[in-house]
Amino acid sequence: MMHILLSRWRQGFRTLPYPKAMPSLPDRFRGLPKIQAEKCPTGCRVCADVCPTEAIHIDGMGPHVNLGRCLFCPDCVEACPEGAIEYTRDHRLAASTFEELIVTPGEEYRRAEAMGAELKRVLSRSLKLRVVSAGGCNGCEVDVNVLGTLSWDLGRFGIQFVASPRHADGLLVTGPVTRNMELALRKTYDAVPHPKVVIAVGACAIQGGPYFRQEEQLGGAASVVPVDLYIPGCPPHPLTILDGLLRFLGKLGAEGKRT
Amino acid sequence: MSDPAMRVIQNGQALALRDVPELSSAAFRDAILAGTRGGARLVCLCAAPDLRLFAVLADDAEKRLRVAWTRLEAPRYPALTPDCPQAHLFEREIAEQFGIIPEGHPWFKPVRFHQPWSALPSPWGRDAASPPGVTDFFKVSGEEVHEVAVGPVHAGVIEPGHFRFQCHGETVFHLETALGFQHRGIERALVGGPHPLSLKQAETACGDSSIAHAWAYCRLLEGLAGVSVPARTERVRGVALELERAANHVGDLGALSGDAGFLPTASFCGRIRGDWLNLSAEGCGSRLGRDWLKPGGLRQDLGPVMATRLLPRLNQAWADTRDAVELLWGAASVMIRFEVAGRLDATQVRELGMVGVPARACGVALDVRKDHPFGPYREHPVPISVAESGNVHSRAWVRWLELATSHRYLAQALAALAESDPDPRPEPLPPLAADSLCVSMTEGWRGEVLHLALTDGAGRFARYKIVDPSFHNWYGLALALRGEQVSDFPLCNKSFNLSYCGHDL
């Protein structure tokens, strides 16, 4: 018993002060892409051509990056001859719709909005989620799981992962939804009582991720169930996931801190 | 021991296909059976289009691999499994992927529940509308016998899989697993590659073992392109792999502690695992080691400044880990659970061809870093950790020993990296050798990761085979649970902590 108490003393209090203060992110963290279209030479398509998931679309305004497809790899940044595209360390990536997942040069990224007033009244103080892993690589699962550790202590925000869809207010889906998980995802969704929400975490669950061309998968959660919140990344950093969840609950201001 | 019928190669060595011996079907079978009877392991058995079968045996003591192939005349052959249980899942996989039937297979079922890739029909008469997981299961009948079915969707934040327990009261007679729910078609996606997405797909073959799989993929390409990697770069790759091992072992020890109801270690380790993952994130920006390696070298190097900065954080993570995990070994309530649950023995391990932590926990000292050394482990060998009892305790203990080894390796490597300048950025690889075969193995935190590629006349992948350690080990979990209580399943399961996506590909 003494050993346990001594360890407890040595290990200290380690829950992160977020969202009052920001946890430190690694120097090489790749967050929201920043596009400086004015640097783009006319007709240049290098970034779009090297992107392995076809996440970059170029029009008269310059390159647009679809965060729903982006794997946050350095391919476009390394390939761009002008340094027109770079990753910032902004972790706030969650969006409410497919359209809002697109980063447009010169425009503010439209982050996820809080759920509607009626949902908020029912769910915002206690959100219970059932996790369905539907063909992912266990990467998103790892960083979702981390939120339950004492570092993040998800419970203090009233959010909890529960063991049955009957106990849940919604689903958190990872993976591109393989054909073999389609039925299980549908049945789990049906088993959640109304009103319910669906949160798609990671590039796979948004639009298929590195498997978007494979016919063994369906191209993300929205192909099977209606999705209310998209959290990009491959996998998203735990802070990005938590930011998305809190934003959805209307508990964060624009700066990513508590309102 | 040596079999002239098969060709000897080293881990990571490419070989022209014309130099891989083509055997008659009978000689192919004899070579595999003689090899495995002589102590070799069947590390890969796979089919390729045109009814070809390829086998890779590992002679671990001699640090070498042996390969051979055969061309079947018809899509059926006498199953190896009755004489060589190591082949059991490989043969089911061959049947599912190519419609080739191993006749006389004792438990012939789908592996991942997908349609054959060839024009041949599904051996089970399955079509695109057949639901996954629906197949025969072992059944026990009699009074007070009952069946417990779990999954595919599980109660926690866990990948999907279906478990069937045949129980008598609380006692489990047998556990059967039906997987394939994570099947997203990686091997098929890699055919025709390397594509721009191939490295990403290798990294996500099993996303908690990104480095182990990415490194196996990189070495395969380097072997086929005839490129060698500078020693310092190899050292950085070693740092990436050992950080991955440490993070996952810490997580597993914490989870095991939680499943035994001992919360201090469980809580501490949940947090400390993050500290290890964050060291990887310093190296490459991703906690899971994404975009760290690339064929020919590294995508992101670890320079002297960063190495100097990481060293104290490494030592702090290790000090916290020791403090948290040492509590475990002193907790009688934990030890009693660990010691009675989930026993396997070395004979079962050898017969099933098991690898990694569960094998070493039965005293079977297999480790690719020692047996088929690659990268930095050739010049900087690591001691291999074993335990003898084959139970949950042994599997936990092996992880603990390996944590200490990884820390020592990391401390030495970071100190060395702090003293040396980064290698120049790697050049793009030259074209891959045409009509060749290469086998590349690494030792991930779960065990042996194997990638095999055959190239076509243009140097593109004609066949890409991935064998995750979990593929060898799932059946071991089933055996470990025999005679145990249903309530001990979480503890036994966690002590293996096998991958669903690595199995399902």
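Guide: Two strands pair if DSSP finds at least two bridges between them. This model is predicted: local features need pLDDT of at least 70, side-chain atom pairs count only at pLDDT 80 or more, and totals for chains, interfaces and linings use all residues. Residues are numbered from 1 along each chain as its sequence is written, and chains are lettered from A in the order in which they are written.

Visitor: Which strands are at the edges of the open sheet in chain B?

Guide: Three strands (DSSP runs of E, at least two residues) form this sheet in the order β9-β10-β11, with antiparallel pairing. An edge strand pairs on one side only, as do β9 (145-150) and β11 (171-178).

Visitor: Which residue of β10(B) stands opposite B:Val148?

Guide: β9(B) and β10(B), residues 162-168, are antiparallel partners over six bridges. Across from B:Val148, in β10(B), stands B:Phe165.

Visitor: How many residues does each chain give to the contact between A and B?

Guide: On the side of chain A, α1 (2-11), β6 (127-133), α5 (139-145) and α6 (179-191) each supply at least two residues (helices are DSSP runs of H or I, at least four residues). The contact takes 48 residues from chain A, and from chain B it takes 50 residues.

Visitor: Which residues are in contact with A:Val173, leaving aside its neighbours within four places in sequence?

Guide: Contact here needs C-beta atoms, placed from the backbone, within 7 Å. With those sequence neighbours left aside, the partners of A:Val173 are A:Val132, A:Ala134, A:Leu185, A:Val198, A:Ala200, A:Val201, A:Ala205 and A:Ala221.

Key
Two residues are in contact if their C-beta atoms, placed from the backbone, lie within 7 Å.
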